[in-house]
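I opened this notebook to record what I looked up in the structure. The entries follow the order in which I made them.

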Amino acid sequence: DPERDFDNIKIYNDIAKFNENLPETVTLLRMPNGCNVYLVGTAHFSEKSQEDVANVIRNVRPKTVVVELCESRVHILKHDEKTLLEEAKDINMQKIRTVIRTNGYVNGVFYILLLNMSAKLTKELGMAPGGEFRTAMKEANKIPDCRIHLGDRPINITLQRAIKSLTLWQTLKLVWKLLSFDENITKEEVE
């Protein structure tokens, strides 16, 4: 992703004023112990999501930032448009076998199909998925002693549960959609 500075973000003098002016994608959860949790709803291919993440982190200056990634997907923090497109172009039989061997047949096939769809979206939108995660990392690293935690279950468990919940017909429709994914999508539609 091109380096985004989000110079238009307003920094409030006190947290109460910020809490009164939260972006519409942010939900403030007040914990019984007095801590506040700012839950930011994001989309993977969204500049607005990246801006909202930067806005919250700059204004709140948290001690901890949790990103919805598991250990096996942490590599997305290093992806940019060029890397993702190269990885998708480099899908060959050896890579497919390795992914299937590592993740199992069904999960491996879905992983390859999702990678292909992500590459198509990246090419169409000029933006790699996970920009909100990279923005969170960049902003959290600017705050002394701010910790970053991965806060998602392993992707293979998520895929297994999702696939098991589908009927055969729904699974076939999903595979068809992933195979015939139409690249003509606008940034406005993503938002």
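Entry 1, pocket lining. I sorted the residues that line the largest pocket by type, working on a predicted model. The lining divides into 15 nonpolar, six polar and four charged residues.

Entry 2, pocket volume and centre. I looked up the volume of this largest pocket and noted about 750 Å³. Of its 25 lining residues, I listed those closest to the centre: Val37, Tyr38, Thr64, Val65 and Val66.

Entry 3, contributing elements. Which elements give two or more residues to the lining of the largest pocket? I found β2 (36–40), α2 (47–60), β3 (64–67) and α6 (131–141). The largest share belongs to β2, with five residues.

Entry 4, strand pairing. I next followed β2 to its partner, strand β1 (residues 26–30). The two strands run antiparallel and are joined by five bridges. I noted that threonine 27 stands opposite leucine 39 in β2.

Entry 5, hairpin. I then examined the hairpin that β1 and β2 form, and recorded five residues between the strands. In this hairpin, glycine 34 takes a positive phi near 95 degrees.

Entry 6, helix packing. How do the axes of α2 and α6 lie, and how far apart are they? I read an angle of about 25 degrees, with the axes 8 Å apart. Angles under 35 degrees count as roughly parallel, and I therefore entered α2 and α6 as roughly parallel to each other. I recorded their crossing as right-handed.

Key. Residues are numbered from 1 along each chain as its sequence is written. This is a predicted model: local features need pLDDT of at least 70, side-chain atom pairs count only at pLDDT 80 or more; totals for chains, interfaces and linings use all residues. Side-chain values use heavy atoms; hydrogens and water are left out. On a 1 Å grid over the protein atoms alone, a cavity is a set of points where a 1.4 Å probe fits but cannot get out, and a pocket is an open set with protein on both sides within 12 Å along at least five of seven lines; lining residues have an atom within 4 Å of a point. Grid points are joined across faces, edges and corners, and a volume is the space filled by probe spheres set on the points. Ala, Val, Leu, Ile, Met, Phe, Trp, Tyr, Cys and Pro count as nonpolar, Asp, Glu, Lys and Arg as charged, and the others, Gly among them, as polar. Two strands pair if DSSP finds at least two bridges between them. Axes are lines fitted to C-alpha atoms, for helices over the stretch in contact, and angles run from 0 to 180 degrees between N-to-C directions. Angles under 35 degrees count as roughly parallel, over 145 as roughly antiparallel, 65 to 115 as roughly perpendicular and the rest as oblique. A crossing is left-handed if the near helix is turned anticlockwise from the far one by less than a right angle, and right-handed if clockwise.
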